[in-house]
Every structure is written in C-alpha cells, then in structure tokens.
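User: I would like to learn how to read contacts and helix crossings in a model. Please take me through some cases.

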Amino acid sequence: MDALNDLLLPPAKSTLAHQTDTLFWFVHLSSLALTIGLIAVIVYFVYKYRRKSEDEVTPLITHNNTLEVTWSVIPLILVLVVFGWGYKVFMDQQVVPDDAYEIKVTGQKWMWQFTYENGARTNGELHVPADRPIKLIMSSNDVIHSFYVPDYRLKQDVVPGQYTELWFNAKEPGESIIYCTEYCGTAHSDMLGTVVVHEQTDFKTWLAENAGGGSKPEDLAPAEWGEQLAQEYACATCHSTDGSQMTGPTWQGKFGSEEPLADGSSVTVDENYLRESILEPNAKVVQGFPAVMNTYQGQLNEEQINAIIEYIKTLK
Amino acid sequence: MATAEANPKKIQVQRYEPESDPDKHYLNEETGLWTWLTTVDHKKIGLMYLASITFFFFVGGIMALLVRTELWTPAKTFIEANTYNQLFTLHGAIMIFLFLVPSVPAALGNFFLPLQLGAKDVAFPRLNLLSYYIYVAGAVISIVSIVSGGIDTGWTFYTPYSSTTGGAVTIMTFGVFVIGFSSILTGVNFITTIHKMRAPGLTWDKLSLFSWSLYATSIIQILATPVLAITLALVGMERILGIGIFDPAMGGDPVLYQHFFWFYSHPAVYIMIVPGFGIVSEVITTFSKKHIFGYWAIALSSLAIAFIGFLVWGHHMFVSGQASLATMVFSFLTFLVGIPTGIKMFNWTATLYKGSIKLASPLLYIFGFFFLFLVGGLTGIVLGSIALDVHLHDTYYVVAHFHFVMVGGMVMAFLAGLHYWWPKMIGRMYNETMAKIACGIIFIGFNVTFLPQFVMGSQGMPRRYFNYIEQFQSFHQISTIGSYILGFGFVMIFYYLVKSIFTGEKASPNPWGSRALEWQVNSRPPLHNFHHTPVIVNGPYDYHKPMDEFQLGLAENHNAHSDVNGAEVSVSNEEETSAE
C-alpha cells in the first residue's frame, strides 16, 4: 500500500493531506472493484452467449423494475458517501484556525511574491515555520493564477481584483514545490516556487534578518546584487543575458545601444530608459515584442532598480 | 402495443423488401458538384459533415501529436513556448467545436434520424443545408484567426488573460460564435423532425434510442449554445470596445466569465456524449439480436442527463474563489448526474444476457467504449468530490479524465456508429479483419497515452505546461509513444474505410440482421429514402418478431398485384391523425 501511495501521490507534508489520501484510495479502490466486476460480467456474457448459429432466437426480456431500482439506489448511496466525505475534508481545508500566521501572496506573470508581517519580502520562496497554521492571503496583479502545493493537496486560484485564502500546517521542516496551475501565458510553466519550512526558532531568525526587505546585503557589489534580484524578481524568465530571443529583448549588449520602438521611433538605452521600462514597461515597447510586462512600481525600490541597471551595464 | 387500444386505425399494408445494389440511389439520382453544394438531401449533407469533421479531426490530431512530441523532454524539444501554447489551444478548440460537437448529431444523426423515423427528410431541409454552411463559415473564420496570429488562451478563453493577450482572439471567438448557430439550427431541426415526421405507427415508445438521444442532445443544443454566443459576444465587446465586463482592470469580474462559459461548456460535454449513448444502444441490440433491456430507463436517463447537466457547471470552479456553499451544491448535483449514466451502463450489460452475441467490429468498438467510458466516468466521480478536486484540478488527471470520456467514450462510440452504418451509407463493406486490428491498436494506444497521465496528475503535474520537472519525464515519454500508436490506428481506419468505397464488397441491405427501420431500405438508400410510406407495428428492438413485420408500408391501392402479399394492421397514431 505504501509503495502504491508513493507511485500515485506525492509525499503528504501537511496535517490534512492524509485525509485527502484516504478518500482518494476509497474512491479509487471501490471504482476499481466496480470496473473489474462489470467488465468480468461482460466478458462472461460475451463468451457464454456467443452466437453459435445465425438463426438463434433470443428470449424477450424487456425490463426488471427490481433490478433498475437496485442499480440506481446502491450507486446513489455510494456517491452520496463520497460527496459527504469530500465535503467534510473540504470544510476542514476551508476553516482557518484562529491562531494562523498570515502571509500575503501576490501572483503576477510569472512569479510568486511573498510579504511578511515585518515587511520582509521574498520572491519564489515562501518561508514558513513548521507545525503552525499558516494563512495565505492572495491576490494577482494581472491575470488569474493558481497557487498549488501538491505535498499539501491544496490549490486555490489567485484572482485579480479580489483576495482568496488558503491555509495549511506543515508538520516538518523541509521543502515543497509550488506550481501555478491556471494557464497564464508564455512562461506559465516556469512560474514555480518553493515552500521552505523552518523550525520555529530558525524562522524567527530568518524573519528578523530579512526585516524591512530590499536593502543591499553588505557583502555584495551593486551589480552582483542586481544579478540576484533579476533572478528573484523573475526578470530572467523573459530577458536572456546571452543574446537569445525570449519573450522580452535580451539584456546582452543592450546598454548604450539604439533600439527601434513599436511606434516607429527609436531610443538610446540609458539609465533613464531602463528605469522607465521597469516602472512603466509599456511606455516605450521595443519593436517586435509583445507589450506584456507588468510594472514593478512599488515592488522594487530605487536602490534595487539601480542595482539591476548596474547589472545590465555589465552584460556586454 | 399498449397504446393501440387508445385510437386504433385499420391500415392496408404490404411488404416491401429492400434491394441491395439498386440501380438508382441517393448518390447517382442527381450528380455533379453543384447538386452536392446545393443539395437539401439529409444524407448528402450528413456525408458533407462527415468529410468536414474527418478533416478537422486529423488537423486537431496532428496538433495533439506535435504537443506530445514537444513534451518528450522536460525543456524545449523542438518548438517555442508560445508555439506550444497555440498548439494546445487550437487542438482543444478544433476538436471540441469543429469535431466533437457536430460529429454524431450532424454527421451520423443527419443521415440516420429521418431513416429511423421513416421520413423522406428532416423537417426543414433547407435549414439543414444552411446549418452546414454556417458550420463551414465558422470553420473558415477560425482558420483565418489561426493564420492571422493564432490564439494562446486555451480552448476555455479564460478572462482576463483572453481579454488582454495578443493574437487573434477576437476572430477566433467570432468563429466559435458562428459555429454555435449551426448547432442551434440543427437542434431545432431535429426536435421538429422527431415530433412531426414519424411514420404511421411510430409512437414514442417505438422510437429508436438513437433518436431519443438526439432528442435530448437537441434540447441541450438549443438551450445552452445561446449562452456561449452571449459570453463570446461579451468577450468581443470587452476587447474591441473596452467595456469592462470580465477584466478587473476595467471594473469587471473574471469569475463571472467562468460561470457563463461553463454554463454552456458543461452541458456541451453532454452534447458530445449523449448521441454516443444512442449508438451504443443500437449496436448492442443488433449484435446480440436481443430486445434492449430497460428501454424507458435508457430513454429517460438521456433526458435526465440533459436536465441535470445544466445544474452542475460550478464543479469546474471549486478552487476559483466561488462561495463554499455554491461549491457544496454543485458537488452534490454532480454526483446526481452520475446516476443516470450508471443506469445506462447496467442496462446495456443486462441486454447482453441470453443474447446471441456476434463480436463484429462495431460491437468491438462498443466494448472499447465500455471500458474507457467506465474509467472516464468513475474518475469523474473522483473529480466531483470537492477535497479530491482541490488536489487534482488543472492537473494531468483532469486531462486524462476528459480524454477518457471524450475520446474513449465519444470517439469510440462514433467509430462504432461509423462501422455499423458504413454499409448503409456507402453500400460497401470494409475489411472486417483490418477493422478489428485497428480497434485493438486504438484501444492499446489510447491506454498507453492516457493511463500514465492519471499517475502524473495525481502526483501533481499541472496541465498546459511547456516545461516540466524531470520527475515526470518517463510518464510523458510513455504517453507520447502511446499517442503515436493511437495516431497510427486512426490513419489505418481512414485507409480501409476509404479503400472500401472503391474496392469494397457490395453490402446487402441488412448485413447485421437488424430490426431497425434504417436497415429496411435499399443499400445505398434511394434519394427520398422510401419509395413507400413505411408502417410501423413493432419496436426497433423486437427481435422476437419475424423480419417481414418490419418491412411493411402502405399498400398501393391502385396496384391489384399488391393484394397477393397485402394485409391489414391496426396502428395507434393519435398525433399524425390529429395533425392532418
């Protein structure tokens, strides 16, 4: 049974995941029994009543009310059990415990951003303490995304213009993958993330170290920090640094060059143009590329923008 | 004949035996390209639909193979992410709107509904031709959208992605909008035909189950399709005029779109599968030479599915952010719609009991249907359970589930119907051995393609992913190999069916010994179906009655010779007599 569980389901890493798994196996195993039963009956009939001569006469059997009622009522009872069970587990998934720790989640093309109580901010990595209910308050900056952690058996759409919620309690320290499961365009399948579960004390330390968020780590040069930020903020999902063509223009050799724009004019790529492109991406779109980038207004501070520009300058 | 006492009427009848290979039939009574393009003959229109949907099936199929080939490796294999996104969108849109929805009703239904009713044509033959041209117009518009930029929204066109992305979304939604009218008009035509065009004696309790299923389908087509048209029109208005309906940036509600979309698209699933159920009933009775078990249970469960099917759309939206109460109600109703479907499966199985079963290729396809549809239906129960859907929604589990229902169920039933009725349509037999081998290849290829997807989905592999994590690679590769086997099977069917048109053995009028009315006309059928007015005294599944009782028609009074085999029968015929 454990081997089967490992083949079909990801590891169960939240307090409620095993409830989903028990129901999963109940429905699948009873379905399997029904399938084998029905197919066996059909195979038996096909063999037993195979046509032996072309003039065979078959008996007239039109209906049988007892049978009709039997095979309507028994499946009805079974599916009602599945319904009630599924609903009960769902309600447990819905009702957030009072002492849940709140984290704000923002989805946008194509990254996950997490904001913590003390202003700490991460991209792609959700840091949480173990053995404590976590409540995610989620919204989207552009189109619908969906936050899915298979290890927790949980999924919730992240919708622009409204908040949706999701809660879980990760039992042990460890890591779990986050997928986006609502199709959101070119890099939908790259919109991944990781839940990093810390021991409670480690989480406190981590949180304190990242308080405020967005100031340059002591040991990094601005360009190096810019490179790190370009990864974290998913710039690299659309902008290559090696000259290859992706959703947006490559950054290689871009600084100082002359770029043709979609409206026919052209622009010299300098600090001002790069800054404008980060804050108002659709003001001057380079010819041949779709106007799909979101603004980073309010997400990157001046220091971070400067660091990214410094990084772009190094890409000759 | 329970109702015969209600209003008995004596009619002079005689037997009309059908001939094989008649000199004149619907394909040679009028010839030339122009007569095809302007024909109002339901059989020719059915064949034109058949040719069109076959074309689009292969176009959509090639796209599926490209998608599967790209998924051979976890990163880019041979096409860009944007191309991949367009391919899976077009695969879905083409297969659903241009193949599945019109497949059984518009192609096989068009051909056989009037024959099963003993009518010379559908109620509105010109409207029927118009439906076909609207379908073609919609298809052409869709092709224009593919050529002028393509679309990358997924076949579901979810907002606000679809109202903000580039490409030719407006043109494509307009194409689908237009095709919808074809569907609506066919529905109106069929309902009228079933009500008003039945032959003398063909009461509701003698209506074939295929006709009943088309009746249920037509009701859904008429009631649900307009909602799709309205929804797509609203998306168009949002994109062109900037009116905020679904896009929150303009004050709209994106979840509202999902409600509208699934209000059509869930019943549409039943538009696709219910006619398939009709074929199953016809083929099972014919090849077991036995009366259908639970005629009314099967007929009425189609109507029950049509009705309850309208009330379950929210089960596509359990994680969309809709209210928990709504989620509970939709889950409950979803389980109810499973019951009539289960009833059908049990009744079909019971029909085989003490039958005289001949495992010819149409029946073999039906058994393929049985297994695959059972798996598809039971995994639907899994997905209907809210807690399980929270985990499995938008993963490959869902992809596998609907392919089991739509391809394993619907396409297998369609192929069964095609093989079953091919001798009547074309007047030629196909190669039976090849048909059986192809059925086996498709069955194996299908399972190799889609069973691994259940496993991947349960493990959390999301759908519509261009890149994926390496853990899933072996499953994806098995699935891709399966898709090639499946593709080969379909090409094989195409080959031997087309070959049979030219070199096939001539078919007798009733090669399967069926009692159904469409088998009591010549193969190929005459242009106006019947040279006589058929008179119905038995139901289409009364295998305990002799064949000659199924070949009766109004006696030609002016012909003295007819007295030789003439007879008198009582038929109950309230509706037709009051209508006249």
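User: How many residues of domain 1 of chain A are in contact with domain 2 of chain A?

Analyst: This is a predicted model. In it, eight residues of domain 1 of chain A touch twelve residues of domain 2 of chain A. On the domain 1 side, three of these residues are nonpolar, four are polar and one is charged.

User: Where do the domains of chain A run in the sequence?

Analyst: The assignment gives domain 1 as 1–35 + 66–95, domain 2 as 101–209 and domain 3 as 222–314. Between the C-alpha centres of domain 1 and domain 2 of chain A there are 27 Å.

User: How many residues does each chain bring to the contact of chain B with chain A?

Analyst: Chain B contributes 73 residues and chain A contributes 71. On the chain B side, the elements giving two or more residues include α3 (81–117), α8 (254–288), α10 (324–352) and α14 (432–459). The largest share of that side is 14 residues, from α10(B). By class, the chain B side holds 41 nonpolar, 26 polar and six charged residues.

User: What does UniProt list for chain B?

Analyst: An unreviewed UniProt entry lists "domain: Cytochrome oxidase subunit I profile" for residues 28–537 of chain B. That span is 70% helix and 0% strand, and its end C-alpha atoms are 32 Å apart.

User: How should I read a helix crossing, and at what angle do α11 and α13 of chain B cross?

Analyst: The angle is taken between N-to-C directions, and a value over 145 degrees counts as roughly antiparallel. In chain B, the axes of α11 (residues 361–384) and α13 (residues 396–426) come within 8 Å and cross at roughly 160°. α11(B) is therefore roughly antiparallel to α13(B). Their crossing is left-handed. The contact of these helices has 16 nonpolar, ten polar and no charged residues.

User: At what angle do α8(B) and α11(B) cross?

Analyst: The axes of α8(B) and α11(B) cross at roughly 130° and come within 10 Å, so the two helices are oblique to each other. α8(B) passes α11(B) in a left-handed crossing.

User: Which residues make the contact between α8(B) and α11(B)?

Analyst: From α8(B) come V280(B), V283(B), I284(B) and F287(B), and from α11(B) come P362(B), L363(B), I366(B) and F369(B). By class, this contact has eight nonpolar residues, with no polar and no charged ones.

Technical notes: Residues numbered from 1 in each chain as written. Chains lettered and ligands numbered in written order. Predicted model: local features only at pLDDT ≥ 70, side-chain atom pairs only at ≥ 80, totals over all residues. Axes fitted to C-alpha atoms, helices over the stretch in contact; angles between N-to-C directions. Helix = DSSP H or I, 4+ residues; strand = E, 2+ residues; numbered from the N terminus. Parallel < 35°, antiparallel > 145°, perpendicular 65-115°, else oblique. Left-handed = near helix turned anticlockwise from the far one by under 90°. Nonpolar A, V, L, I, M, F, W, Y, C, P; charged D, E, K, R; others polar. Domains from an automatic or database assignment. Contact = placed C-beta atoms within 7 Å. UniProt positions renumbered as here; feature names shortened; annotations may be inferred.
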